[in-house]
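Let's take a walk through this chain together, beginning with one residue and working outwards to the whole fold. Keep the 3D view open as you read.

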Amino acid sequence: MKNGLDDVVATETMLSDVDGLGGILIIRGHSLDELAGIVTYEELLALLLADAFEDKLDAGTLRREISLARQDVFRALPDAGAPLLRLPVTDAVRALTAQFEDGDDLATALRLIAAPAVFTPAVIRLKQGKAAVAPDPALGHAADILHMLHDRSISAGEAAALDTYLVTVSDHGMNASTFAARVVASTHAGLVSSVLAAFGALKGPLHGGAPGPVLDMLDAIGTPENAESWLEKALDNGERLMGFGHRIYRVRDPRADALMQALRRLAGSGDHGAGRFKLAESVEAAALRILARRKPDRPLKTNVEFYTALLLETLGFPRESFTSVFAMGRVGGWIAHAREQTQHGRLIRPQSRYTGPRPIKAA
Ligand code: ACO
């Protein structure tokens with residue numbers, strides 16, 4: 001028995017591979033550096049979903065179909081006064097996604113891809129007392145998400161930065177949320193149920209819930225000079241440093257680099273939080289030094305969540321929505337894995353070892 005299933009191979013997949021020692025992420029035959037900053041999210045989906053449905057999906061078709069799905073999903077928004085909107089953003093987006101009929105077909109998949117993309121900006125705005133902004137069919141997925149959030153025209157640089165993020169987080173081996181999606185898919189419950197289970201798993205701070213706390217940490221540290229002492233104190237108090245460490249990577253998470261470069265490109269195209277970026281670089285350097293000294297036998301490096309926090313903040317997403325923005329990208333991976341599981345897998349039903357008391361036999 002392996003607590004946490006470390007190193008247990010639970011399935012075979014054509015979708016992605018994580019090399020934790022080499023620091024390499026492969027998505028369907030392409031390393032991340034051939035994809036991030038190069039392809040759009042729709043192009044990435046065409047790759048991930050190539051064998052998922054009977055229809056052959058090219059990026060152009062997907063762009064059109066997802067745009068239609070965004071309009072369809074927008075019509076499912078509740079009124080501004082709906083009690084559901086009192087929930088935190090991620091919980092509200094998950095609850096809104098649950099309204100759709102379950103199924104294993106392409107239409108259900110398209111609706112699920114559109115759901116976090118439409119509901120997240122709408123819920124953010126409605127909670128702020130603003131009107132939700134309808135999707136614009138002329139825009140690509142990433143540009144439209146930012147347009148629905150900010151209600152203004154979006155620069156090519158901003159759209160490219162969000163595309164880079166969505167592509168970078170789209171799939172990542174047998175992470176906790178993808179495993180949850182596959183377990184549910186293995187019961188043939190349908191894609192909506194699989195995606196909702198995955199969404200729940202993603203929310204925890206040990207998985208996709210870390211970037212909000214990364215910003216809390218940067219706010220608490222305040223200036224580069226405070227980094228060392230603040231981090232030492234946090235570790236003395238038994239806390240974990242958010243944005244560092246990973247179950248699989250023993251080297252720097254390649255996704256952290258992809259996002260750092262996206263942030264640099266964005267910063268280069270205007271005054272996008274240069275001071276914040278400097279603070280983050282100092283905090284990262286101090287954290288890596290301290291973790292290496294304190295845990296010499298356990299390499300703890302920067303993970304994807306550290307630069308996710310900065311990129312999403314720069315793009316104007318409030319921190320309480322970060323997990324839901326993560327879901328906008330990872331939903332493609334969840335659907336691809338769920339379909340792969342139903343097509344080729346069988347019911348996932350492991351064993352447990354009982355450690356409780358045994359009944360006392362009657363004499
Ligand atoms: N800060 C300080 N110490 C850490 C950290 C950290 N970020 N991560 C691990 N450690 C320590 C643990 O306390 C443990 O120490 P011990 O052996 O003295 O008890 C040792 O390193 C090994 O930790 P594990 O819990 O075995 O590592 P695991 O593989 O389970 O954890 C995880 C991976 C959950 C990501 C962990 O590194 C962590 O909590 N990081 C902070 C939260 C975070 O950044 N989450 C996002 C992950 S990326 C993603 O899922 C998209």
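## A serine inside a helix

S194 sits in helix α8. Please keep in mind that this is a predicted model. Is S194 buried or exposed? With a relative accessible area of 2%, S194 is buried, because anything under 20% counts as buried. Leaving aside residues up to four places away in sequence, S194 touches A181, V184, A185 and A338.

One of those partners, V184, is worth a visit of its own. V184 belongs to helix α7, which covers residues 176-185. With the same allowance for sequence neighbours up to four places away, V184 touches A189, S193, S194 and A197. The pair S194 and V184 therefore turns up from either side, once among the contacts of S194 and once among those of V184. V184 can also serve as a ruler for the model: its C-alpha atom is separated by 48 Å from that of E225, 41 residues apart along the chain.

## Two helix pairs

Now for how helices pack. Two packed helices are described by the angle between their axes and the distance between those axes.

Helix α8 appears again here, as residues 191-202, with helix α3, residues 89-97, as its partner. The axes of α3 and α8 come within 10 Å and cross at roughly 170 degrees. That angle makes α3 roughly antiparallel to α8, because angles over 145 degrees count that way. On the α3 side, the contact is made by T90, V93, R94 and T97, and on the α8 side by V192, L196 and F199. Sorted by class, the residues of this contact are 4 nonpolar, 2 polar and 1 charged.

How do helix α9 (residues 211-221) and helix α13 (residues 304-314) pack, and at what angle? Their axes are 8 Å apart, at an angle of about 80 degrees. These two helices are therefore roughly perpendicular to each other. From α9, the contact draws on P211, V214, L215, M217 and L218. From α13, E305, F306, T308, A309, L310 and E313 take part. The class count for the contact of α9 with α13 is 8 nonpolar, 1 polar and 2 charged residues.

## A buried leucine

L45 is placed in helix α1, residues 41-48. Its relative accessible area is 0%, so L45 is buried. Which residues does L45 touch, not counting those up to four places away in sequence? They are L62, I66, I113 and G332. For I113, there is a distance to go with the contact: the C-alpha atoms of L45 and I113 are separated by 9.7 Å, with their positions 68 residues apart along the chain.

## The start of the chain and a loop

L5 is found in the segment before β1, the strand at 16-19. Although L5 is not a glycine, it has a positive phi of about 55 degrees. L5 is partly exposed, with a relative accessible area of 46%.

A10 lies in the segment before β1 as well. A10 is partly exposed, and its relative accessible area is 46%. The C-alpha atoms of A10 and S352 are separated by 15 Å, although these residues are 342 residues apart along the chain.

R28 is located in the loop between β2 (24-27) and β3 (30-31). Its phi is near 40 degrees, a positive value in a residue other than glycine.

Here are the C-alpha separations from this tour side by side.

| Residue pair | Apart along the chain | C-alpha separation |
|---|---|---|
| V184 and E225 | 41 residues | 48 Å |
| L45 and I113 | 68 residues | 9.7 Å |
| A10 and S352 | 342 residues | 15 Å |

## The whole chain

Stepping back, the secondary structure of the chain comes to 14 helices and 3 strands. The radius of gyration is 21 Å, close to the 21 Å that the globule rule gives for 363 residues, so the chain is as compact as a globular protein of that length. Along its principal axes, the C-alpha trace spans about 75 × 55 × 45 Å.

Of the 363 residues, 50% count as buried. The chain exposes about 16,800 Å², and carbon and sulfur atoms supply 53% of that area. Among contacts between residues at least 6 apart in sequence, 77% join residues at least 24 apart.

Note on methods. Residues are numbered from 1 along each chain as its sequence is written. This is a predicted model: local features need pLDDT of at least 70, side-chain atom pairs count only at pLDDT 80 or more; totals for chains, interfaces and linings use all residues. Side-chain values use heavy atoms; hydrogens and water are left out. Axes are lines fitted to C-alpha atoms, for helices over the stretch in contact, and angles run from 0 to 180 degrees between N-to-C directions. Helices (H or I, at least four residues) and strands (E, at least two) are DSSP runs, numbered from the N terminus. Angles under 35 degrees count as roughly parallel, over 145 as roughly antiparallel, 65 to 115 as roughly perpendicular and the rest as oblique. Contact means heavy atoms within 4.5 Å. Ala, Val, Leu, Ile, Met, Phe, Trp, Tyr, Cys and Pro count as nonpolar, Asp, Glu, Lys and Arg as charged, and the others, Gly among them, as polar. The radius of gyration is taken over C-alpha atoms; the globule rule is 2.2 Å times the number of residues to the power 0.38. Buried means under 20% relative accessible area, exposed over 50%, partly exposed in between (1.4 Å probe, protein chains only). Accessible areas come from the Shrake-Rupley method with a 1.4 Å probe; for residues, only the protein chains shown count as cover.
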